[in-house]
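Please work through the exercises below with the sequence and the structure at hand. Each exercise sets a task and is followed by a solution that goes step by step.

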Amino acid sequence: MSDDDARAIGGQAGAAGAGGAGEQEEALRASSAFLVDEALGFLFPAALRAAAEVGVADHLATGPALPADLAAATGTDARNLHRVLRLLATRGIVAEDEQGRFTLTGAGQALRSDVPHSARTAIGMLTDRTMWRPAGELTHCLTEGDTAFEKLFGMPFFDHFAKDERTAAVFHVGMAAMSDPENAPIAAAYDFPASGTVVDIGGGHGGLLLEVLRRNPGLEGVLYDRSHVLAGNRLHAHGEITGRWTPQDGDFFSSVPSGDIHLLKRITHDWDDDSCVTLLGHCRRALRPDGRVLVLDAVVPPGNGPHQSKALDLMMMASLTGRERTEADFAELFGRAGLRLSRVIPTSTVLSVVEAVAA
């Protein structure tokens with residue numbers, strides 16, 4: 001059901017409050033049907049995950065196919081595969097024609113594994129059990145005030161992450177897939193200096209730093225992360241930036257390298273306020289004169305409109321200690337760390353560039 005439908009139902013219910021008993025009952029029936037439909041919504045990402053795992057989109061790359069043929073190609077049950085595809089078709093990921101063949105739509109192309117900016121591994125990460133199971137325990141977060149992750153897995157998220165190679169692999173590969181389409185637009189949205197050192201803190205496999213260095217040939221870079229993460233970096237494969245970057249192993253809660261620009265992409269939303277203040281304080285001390293800290297995160301907008309940050313905020317609540325933040329929240333964090341929020345620059349992605357300078 002669309003947002004317009006939901007508003008229409010809300011308007012009916014409000015109007016029925018002033019109307020007769022029959023009108024009120026009809027409005028409540030509509031509300032009930034809407035809420036039940038919403039409660040079934042969790043089955044769509046489940047279907048999306050299943051389709052991604054068996055690689056069905058790769059077999060639709062050449063054109064329409066019958067479920068039986070897709071099942072033979074993917075080693076799945078034809079009847080059940082049809083049921084999954086039928087639900088995905090309701091959201092425009094695939095489309096079924098009159099002959100019962102399914103076609104991959106434009107919206108579904110990134111479900112393929114063989115295209116640039118494939119979302120397949122990002123879907124796997126976002127629907128992994130480390131995210132999926134805690135999301136089903138949000139009541140615990142409300143009643144206890146902490147994350148559901150530790151209740152389910154016996155330790156905090158990043159401790160489990162460090163001990164479970166499967167989780168680490170799913171997370172890093174999935175985050176890279178989620179981040180890659182954002183990196184070029186973010187690098188283009190900000191006016192970087194002509195020279196200096198850019199430090200990508202917790203930069204993972206280096207996708208953002210790569211785009212920044214490509215666009216700004218006078219800059220040098222430092223990719224700062226844990227050694228096991230740095231081992232998977234992709235910067236070595238790009239000759240155009242050879243000699244302009246170095247990897248550096250470290251823990252950003254202990255210290256960060258000195259630089260003119262510190263990048264923190266999708267880092268602060270993982271952590272509680274006190275932890276963020278510690279990290280940002282290290283950045284403040286390591287900033288060179290006239291340096292800047294760029295927090296690249298979603299900024300929660302005011303109002304009732306949909307925004308990805310409002311959904312991600314519940315994922316943070318369920319699995320981690322962090323949260324998505326408003327502009328005012330960022331200003332407060334910066335102030336506590338000896339920084340000052342100077343501006344917020346929207347990008348064409350869900351993320352903004354939240355710039356801070358020394359206070």
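**Exercise 1: the sheet**

Strand β3 (residues 196-201) and strand β4 (residues 219-225) run parallel and are joined by six bridges. The model is a predicted one, in which local features need pLDDT of at least 70, side-chain atom pairs count only at pLDDT 80 or more, and totals for chains, interfaces and linings use all residues. Residues are numbered from 1 along each chain as its sequence is written, and side-chain values use heavy atoms, with hydrogens and water left out.

Task: starting from this pair, work out the order of the strands in the open sheet, and state which strands stand at the edges.

Solution. Begin with the vocabulary: strands (E, at least two residues) and helices (H or I, at least four) are DSSP runs numbered from the N terminus, and two strands pair if DSSP finds at least two bridges between them. Within the starting pair, isoleucine 201 has tyrosine 224 of β4 as its bridge partner.

Next, follow the pairing that involves β9 (residues 352-358). Strand β7 (residues 287-297) pairs with β9 in the antiparallel sense over five bridges, and leucine 294 has glutamate 355 in β9 as its bridge partner. Strand β8 (residues 339-346) also pairs with β9 in the antiparallel sense, over seven bridges, with valine 344 opposite valine 354 in β9; a hairpin of five residues joins β8 to β9.

The result is an open sheet of seven strands in the order β5-β4-β3-β6-β7-β9-β8, with mixed pairing. The edges are held by β5 (245-249) and β8, each of which has a single partner strand, so one side of each is left without a neighbour in the sheet. On average, neighbouring strands of this sheet are turned by 20 degrees against each other, direction ignored.

**Exercise 2: cover on the sheet**

Task: find which strands helix α12 and helix α14 lie across, and decide how many residues of β9 are buried.

Solution. Helix α12 (residues 207-215) lies across β3, β4, β5, β6 (259-265) and β7, and runs at about 175 degrees to β4. Helix α14 (residues 273-286) lies across β3, β6, β7, β8 and β9, running at about 150 degrees to β7. These angles run from 0 to 180 degrees between N-to-C directions, with axes fitted to C-alpha atoms, for helices over the stretch in contact.

For the burial of β9, use the cut-offs of under 20% relative accessible area for buried, over 50% for exposed and in between for partly exposed (1.4 Å probe, protein chains only). Six of the seven residues of β9 are buried, which leaves the strand mostly covered.

**Exercise 3: two helix contacts on α5**

Task: describe how α4 and α3 each pack against α5, giving the axis distance, the angle and the residues in contact.

Solution. Two packed helices are described by the angle between their axes and the distance between the axes. The axes of helix α4 (residues 67-74) and helix α5 (residues 78-89) come within 8 Å and cross at roughly 110 degrees. The two helices are therefore roughly perpendicular, on a scale where under 35 degrees is roughly parallel, over 145 roughly antiparallel, 65 to 115 roughly perpendicular and the rest oblique. Counting contact as heavy atoms within 4.5 Å, Pro67, Ala68, Leu70, Ala71 and Thr74 of α4 meet Ala78, Leu81, His82 and Leu85 of α5. By class, this contact of α4 with α5 has seven nonpolar, two polar and no charged residues, where Ala, Val, Leu, Ile, Met, Phe, Trp, Tyr, Cys and Pro count as nonpolar, Asp, Glu, Lys and Arg as charged, and the others, Gly among them, as polar.

For helix α3 (residues 43-54), the axis comes within 9 Å of that of α5 and the crossing is at roughly 125 degrees, and α3 and α5 are therefore oblique to each other. On the side of α3 the contact is made by Leu43, Phe44, Ala47, Leu48 and Ala51, and on the side of α5 by Val84, Leu87 and Leu88. This contact of α3 with α5 has eight nonpolar, no polar and no charged residues.

**Exercise 4: aspartate 260**

Task: decide whether aspartate 260 is buried or exposed, and list its contacts.

Solution. Aspartate 260 lies in strand β6 and is buried, with a relative accessible area of 19%. Leaving aside neighbours within four places in sequence, aspartate 260 is in contact with Gly196, Thr197, Leu287, Arg288, Gly291 and Arg292.
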